[in-house]
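Student: I would like to go through this model by way of its helices, its cavity and its backbone exceptions. Please show it to me before we begin.

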Amino acid sequence: MLTATVQPRIASRFRVTKNAEGLGQLAQDIDDFLFRLAFHNPKKMAALQIEAHEKWVPTLRILEKHADSLLDADLVRVFVELQEAMTVFSQYAIRGFEDVVRLKLQVDAANVLLKKTIFAREYKGEIFEEGDEAFYLPPDKPKPRQAMLVVLHGAFMKGRNFIWKWVFAAARRRLAVYAPSSHGATWAAEDFEPVELMIEKLGENYGLPKEETLLAGLSDGAIAATLLGCRKRVPFRKLALLAGTKPFDMEAMPRIPLYIVHGTADPIFPIGPARETVEKLRARTKGITYRELADAPHSFPYPEIDPLMDWFVT
């Protein structure tokens, strides 16, 4: 447990107040925790379980007490959910990949509650949720919205949670974000037409030019984004592939700018084939931006999101 001398330092770092000061840093720190989840490395997993037990659970208890003293029921609920998720993570006897995915999604879902609280207090615009999908619409004043970014989640995820990895960065750049969901645990060909129809509908309803639509995908969603881009029904202006590349028919892909991010320690999509794909793409077009994250596992590339979002709106 944390000592009395450590507690004030934690409270000062996150500054839990009515106007949500410091909560953004807390969400970023938990994002960093999720980014470091290297399920293929038992030693790193064990170290993260210790971190969850020795740092996060006691820290969140302290923050819960601060929120309770503010009579803020929403924040109390957030910190309780995060405590429970970190406690389960720290105590679970992990036996395989599916265990890690389930635990990671549980922590991520609790962090989504924190991000929703931050959004309600610090950001403008609206989040619409319908079933497993979600859509963020920034206000059109004092400046008009720029475009719509379509984001495809990884396996076992849902759009309603995946959108929260993008909303804050998108809101600062006045980008709308549409996060659809696959019908199954992974993306399939029959998912694409409904996504295309919704892109067209949202664009018409909110004045978002179809030809300005942007696309990004994570892991299984990156493979799906590649296939969706090759269909050409939606004239995507730019495409980002995060932690997911496979051989595909490059002649079918429009010659649009691509941004590819890959971790060098990714066991699901190894770095070697990713590099080969990048070299083949570069031989075909000049509009390729490639970023390698040293020693990064198979994970959402949080450190690269701000540069990526700047690239989208350039």
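Tutor: Questions and answers on local geometry and packing follow.

Tutor: This is a predicted model, in which local features need pLDDT of at least 70 and side-chain atom pairs count only at pLDDT 80 or more, while totals for chains, interfaces and linings use all residues. Residues are numbered from 1 along each chain as its sequence is written, and side-chain values use heavy atoms, with hydrogens and water left out.

Student: How far apart are the end C-alpha atoms of helix α8?

Tutor: Helices (H or I, at least four residues) and strands (E, at least two) are DSSP runs, numbered from the N terminus. The expected span of a helix is 1.5 Å times one less than its number of residues. Helix α8 has 15 residues, 192–206, so it should span 21 Å, and this agrees with its end C-alpha atoms, which are 21 Å apart.

Student: Which arc do the buried residues of α8 cover?

Tutor: Buried means under 20% relative accessible area, exposed over 50%, and partly exposed in between (1.4 Å probe, protein chains only). In α8 the buried residues are Phe-192, Val-195, Glu-196, Ile-199, Glu-200, Leu-202 and Gly-203. They lie on the same side of α8, because the arc they cover around the axis, taken from the directions from the axis to the C-beta atoms, is only 165°.

Student: Why would residues three or four places apart point the same way?

Tutor: An α-helix has a fixed number of residues a turn, and residues three or four places apart therefore point the same way. That number is 3.6.

Student: Which elements do the buried residues of α8 pack against?

Tutor: Contact here means heavy atoms within 4.5 Å. The buried residues of α8 pack against three strands and one helix: β2 (133–137), β3 (147–152), β4 (175–179) and α9 (220–231).

Student: What arc do the buried residues of helix α11 cover?

Tutor: In α11 (residues 305–313), Ile-305, Leu-308, Met-309, Trp-311 and Phe-312 are buried. They are on the same side of α11, because their arc around the axis is only 155°.

Student: Which strand gives the most to the lining of the largest cavity?

Tutor: On a 1 Å grid over the protein atoms alone, a cavity is a set of points where a 1.4 Å probe fits but cannot get out, and lining residues have an atom within 4 Å of a point. The count is one cavity of 30 Å³ or more, and the largest holds about 40 Å³, a volume being the space filled by probe spheres set on points joined across faces, edges and corners. Its lining includes Phe-35, Val-261, His-262 and Pro-297. With three residues, the strand that gives the most is β7 (residues 258–263).

Student: Is Leu-37 buried or exposed?

Tutor: Leu-37 sits in the loop between α2 (23–35) and α3 (42–69). Leaving out residues up to four places away in sequence, it touches Met-45, Leu-48, Phe-89, Lys-104 and Pro-297. Its relative accessibility is 1%, so Leu-37 counts as buried.

Student: What is the omega of the cis peptide bond from Lys-141 to Pro-142?

Tutor: Most peptide bonds are trans. Pro-142 lies in the loop between β2 and β3. The bond from Lys-141 to Pro-142 is cis, with omega near 10°.

Student: Is Arg-174 buried or exposed?

Tutor: Arg-174 is in the loop between α7 (167–172) and β4, and its phi is positive, near 60°. At 16% relative accessibility, Arg-174 counts as buried.

Definitions and conventions
On a 1 Å grid over the protein atoms alone, a cavity is a set of points where a 1.4 Å probe fits but cannot get out, and a pocket is an open set with protein on both sides within 12 Å along at least five of seven lines; lining residues have an atom within 4 Å of a point.
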